[in-house]
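Work through the exercises below with the structure open. Try each task before reading its solution.

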Amino acid sequence: MEFGPHLMLAVLEGAVTAAVLSLTAVGLSLVFGVMRVVNVAHGEFFMLGAVLAWWIAGAFGGHAALGFLAALVVAPLAVGAMAVLADIVILKRIGYDPERTIVATIGLLYILQQVTLMSYGPEARPVAAPFNTRLALPWVEWGEAGPALYWPWGLSITSYKLAVIGAAVAVLVGVWAVMTRTRIGLVMRATQLDRDMALAFGIPVERVYALVFGFGAALAALAAVLIVPISQAHYLMGGDPLLLSFIVVIIGGLGSLPGTVVAALLIGLSDGVISVFFSPTLAKILATLLVALVLVFRPQGLFGARAA
Amino acid sequence: MTTKDGAKRGTTRRGALATLAGGAAAASLPLWARYTHAQSAEPIRIGFQVHRTGIGAAYGRWYDRTTQAVVEKINAEGGINGRPVEIIAEDDGTDPKRGAEVVEKFANQHGCDIAFGTLFSHVVIGSAPRAGELKLPYFVVSEGHHVASGMLNRYTLQPGITDVKSQVQAMAPYVAGNLGKKVTMIFPDFAFGHDHRDYFTDAIEAQGGQVLAHIAIPPTETSFTKYFPKIPRDTEVLYHVMVGPAVLTFVKELGEFFGPSAPALFGFIDSLEAVDIASPGLEFLEGSYFWEGNPRYAQSDQTIYDKAYREAVGVDGNGASVSDPKDVSTYAHMFGCWETLYVVKAGMEAAGYQAPADRGKLIEAVEAMTEMPEGYAHPQGAKLFNGKTHQVFGHQYISQVKDGRLVRVHTTSIDDGAYPDEVDYTKHPL
């Protein structure tokens, strides 16, 4: 494939990765920013979103879009509710102590993963996309008669992949609006800045924590519902998003939403471009190297306000 | 817990079918009389190493069903040397390290007579050395060339399924003669895929063709479009073989990448094992070709043996479970479990196997085997076993997708897949 179309394909594929990754990572970052909890089970909430999407989409007959839409609404709510429950039952009991929450969420990771294995099974199952048209993309060629459009072999995207990118942007704008323009966002930011002061002003911090934990998990589940028509639901699918989300959150700055989004774009696009032109392994190596460099030279992350 | 699960599943109505089929077959067996001389009523314990979880889970599910079915049939026919067969299943997690531990458990904890089962080549390669050290006969159903290459040991045998080297060598003349000579290969990046890469490249060159590019994909990959631009523009045939939970995504993205202007596609059915050919997004496969170890769809000239085997395992004419048409089998591979356990039975009876002390005799008895005629014990077709390399050779099938079904268009001869011996395990000590 020629360089131009090849790069365009790489960027498009990278944009889909970045879109899903930014949703997942924003969830993780939010939980860390507000609660100072490193949620190792975040990838399993992602996986639960995909598995529930398969289950819900299967329960609906009729057009594929109907089941998918239901999944898009119900799966994040259900996963969010589950996370709220986990917060009340587990995290609250151990007082949000940083070390103990890490161990507790590792335990939660295994419980969620193994319960899914025992109930849903080890198979990868597909969810039908609500719409999926292959869109061949043109490329400009400078011929003797001036610029001309042609359609290179393989340069294409599907309408669904474009929709994933669009949906992710819309959700991120929504999250930003909630955080900056609403009362609940104000309360969250207040809790993030100073927990004790927020408590003194009568903010029900524990309820805010439960809400944030649920909201973060719901974002991961939403990302999974969006990606599942492309890549299928599988009980081990939570590993990669967890690792990439951590990478993104560390690079962007723990707790910083704009930083997370920028880092997700950086990692997603570079993953797409590097794995297309070189190898997917090299893309992972470079991402990990970048994390190491950030930790050494700018431990607070690119956009982090203070040392985490 | 796993054993209990397996046993429970075995007593469904599939069980009843197997018993009926078994009863009919048993009546024709001439060896009934010798069972009365059995010296022990203890069951023969076969450790079944199975991919219940991990990337091989779909294969594991069907290897399990096939194994349960054939054991019921063998037991209904009088067992082995008059003793019933008991399967002790352990999940290897499609993981080489766990695989070796499972083999160890079979030998030391469960007191198994032999170990049997697993598919994924890295698990076999990880487990076989331990089986050799424990002197535990290890019958694999794996397809990899690692048995016949001499990499493993005297206690590891593959008598129920042909190896990749033999398969691809038999495919190359058909690909070069009917589809094209400029080939690009896409394969999973581990031992099994490397067998494809090495042996098909040689085989197609021997046919005057060439491989333009090798594209290796990690078996745990979940998104594939990024690999496809590496396919050279002048590719005439795209040769694809993929494994793991994301095979459906792989094939779908392949179709989305090419759109209407694809090269000829030749795939190993591994890319679509346990996946319905009629899934949305796979319409582009119409007219493309697949290697099949055993034709998934019942063909118009279906043998009585294939019919009986399908019924016993509980597979319908479309290669799916009779109880759930969406549960598509790994039909091109799982016959290997059926045939391997019949080879074990024949080997144990020829060796007069009584106890683990006779394990060496069992190895020698299997090594002495040669021709295996098509029949109820070998429903996939006739086979020729090579005792020196511990590898069986057989017919391969090429099918074309027509109206959303795989229709067999070519059957290779056993000779098409033959190659010179690379090892003589019989010279290794027992």
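**Exercise 1. What share of the contacts in chain A with a separation of 6 or more comes from residues 24 or more positions apart?**

Solution. Start with the contact rule: two residues are in contact if their C-beta atoms, placed from the backbone, lie within 7 Å. Residues 24 or more positions apart account for 76% of the contacts in chain A with a separation of 6 or more.

Before going on, note the conventions. This is a predicted model, in which local features need pLDDT of at least 70 and side-chain atom pairs count only at pLDDT 80 or more, while totals for chains, interfaces and linings use all residues. Residues are numbered from 1 along each chain as its sequence is written, and chains are lettered from A and ligands numbered from 1 in the order in which they are written.

**Exercise 2. Describe the overall build of chain A.**

Solution. Step one: count elements. Chain A has 11 helices and four strands. Helices (H or I, at least four residues) and strands (E, at least two) are DSSP runs, numbered from the N terminus.

Step two: test compactness. The radius of gyration, taken over C-alpha atoms, is set against the globule rule, 2.2 Å times the number of residues to the power 0.38. For the 308 residues of chain A the rule gives 19 Å; the radius of gyration is 20 Å, close to that, so the chain is as compact as a globular protein of that length. Along the principal axes, its C-alpha atoms fill a box of roughly 75 × 50 × 35 Å.

Step three: check burial. A residue is buried if 20 or more other C-beta atoms lie within 10 Å of its own, exposed if 12 or fewer, and partly exposed in between; C-beta atoms are placed from the backbone. Buried residues make up 48% of chain A.

**Exercise 3. Check the length and burial of helix 2 (residues 42-59) of chain A.**

Solution. The expected span is 1.5 Å times one less than the number of residues. For the 18 residues of helix 2 of chain A that is 26 Å; the end C-alpha atoms are 26 Å apart, which agrees. Helix 2 of chain A is mostly covered, with 15 of its 18 residues buried.

**Exercise 4. Map the open sheet of seven strands in chain B.**

Solution. Two strands pair if DSSP finds at least two bridges between them. The strand order is 7-6-8-9-10-14-15, and the pairing is mixed. Strand 7 (210-217) and strand 15 (405-411) of chain B each have a single partner strand, so one side of each is left without a neighbour in the sheet. From one strand to the next, the twist averages 25 degrees. Axes are lines fitted to C-alpha atoms, for helices over the stretch in contact, and angles run from 0 to 180 degrees between N-to-C directions.

Now zoom in. Strand 9 (residues 264-268) and strand 10 (residues 289-292) of chain B pair in the parallel sense over three bridges. B:G267 has B:F290 as its bridge partner in strand 10 of chain B.

**Exercise 5. Where are B:T94 and B:H390, and are they buried or exposed?**

Solution. B:T94 is in the loop between strand 2 (85-91) and helix 4 (96-108) of chain B. Its phi is positive, about 50 degrees, although B:T94 is not a glycine. B:T94 is buried, with 26 other C-beta atoms within 10 Å.

B:H390 lies in the loop between strand 12 (383-386) and strand 13 (391-394) of chain B. B:H390 is not a glycine, yet has a positive phi of about 65 degrees. B:H390 is buried, with 27 other C-beta atoms within 10 Å.
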